[in-house]
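Reader: Hi! I have a new structure open and would love to talk it through with you. Could you share it here so we look at the same thing?

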Amino acid sequence: MAVILLDSCVWGGSLTALQNFGHDTEWTGTWDKDPGDESILEYANSHQKILVTLDKDFGELAILKGKPHQGIIRLSGFRAKQMADVVHYIVNHYQLDLDSGAIITADPTKIRVRNR
């Protein structure tokens, strides 16, 4: 089981699907307001959650600004209903990378891992 925070840009239906897979999952789309990328990344880190997003900005915060995180998964090019399955696959097959703070980018043809 993984502890996951879904950014609001990730399809909301992924929340229930990932919970059904047994993951402890939260979706920022249920929050009262969007606090901004830095606050979301800080929240994910302080609650030891893997952040899942479609947004490149989180990788930039982590790499260029050195913001701490518990692993980031960026999805690109997936249909909404595919997102939960892809996240489930990644957290099950790349857990050690995520535990060490990797940024993983997945598209329908490949998965790239950038280790810390």
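Reader: Let me start with charges: how many positive and negative side chains does the protein have, and how far apart do the centres of the two sets lie?

Author: Happy to help, and keep in mind that this is a predicted model. There are 12 positive and 15 negative side chains, with 6 Å between the centres of the two sets.

Reader: Thanks! And what about the fold, which elements does it have from the N terminus on?

Author: The order is β-α-β-α-β-α-β-α-α-β-β. That makes five helices and six strands. The radius of gyration is 13 Å, close to the 13 Å that the globule rule gives for 116 residues, so the protein is as compact as a globular protein of that length.

Reader: Good to know for setting up a box. What do the C-alpha atoms fill?

Author: Along the principal axes, they fill a box of roughly 35 × 35 × 25 Å. The accessible surface is about 6200 Å², and carbon and sulfur atoms hold 48% of that.

Reader: How much of the chain is buried?

Author: Buried residues are 42% of the 116.

Reader: Let's zoom in on α2. Which of its residues are buried?

Author: Helix α2 spans residues 37-46, and I40, L41, A44 and N45 are buried there. Down the helix axis these fall within an arc of 135 degrees, so they line one face of α2. There is a simple pattern behind this: an α-helix has 3.6 residues a turn, so residues three or four places apart point the same way.

Reader: Nice. What covers that face?

Author: The cover includes β1 (3-6), β3 (50-53), α3 (57-63) and β4 (72-75). Just after α2, Q48 has a positive phi of about 55 degrees.

Reader: And α1, which residues are buried there?

Author: S14, L15 and L18 are the buried ones in α1. Their arc around the axis is only 105 degrees, which puts them on the same side of α1. Among the elements covering them are β1, β2 and α4 (83-93).

Reader: What does the backbone do just after α1?

Author: G22 takes a positive phi there, about 100 degrees. Next comes H23, in the loop between α1 (13-20) and β2 (24-27).

Reader: I always fret over histidines. Is H23 buried or exposed?

Author: H23 is buried, because its relative accessibility is 5% and the cut-off for buried is under 20%.

Reader: So what does H23 touch?

Author: Leaving out residues up to four places away in sequence, H23 touches M1, A2, I4, L18, H88, V91 and N92. One of these, L18, is also among the buried residues of α1.

Definitions and conventions:
Residues numbered from 1 in each chain as written. Predicted model: local features only at pLDDT ≥ 70, side-chain atom pairs only at ≥ 80, totals over all residues. Heavy atoms only, no water. Helix = DSSP H or I, 4+ residues; strand = E, 2+ residues; numbered from the N terminus. Buried < 20%, exposed > 50% of the residue type's maximum accessible area, 1.4 Å probe, protein only. Contact = heavy atoms within 4.5 Å. Rg over C-alpha atoms; globule rule 2.2 N^0.38 Å. Areas by Shrake-Rupley, 256 points an atom, 1.4 Å probe, with all protein chains shown as cover. Lys, Arg positive; Asp, Glu negative; His and termini not counted. Charge placed at Lys NZ, Arg CZ, Asp CG, Glu CD. Arc of directions from axis to C-beta.
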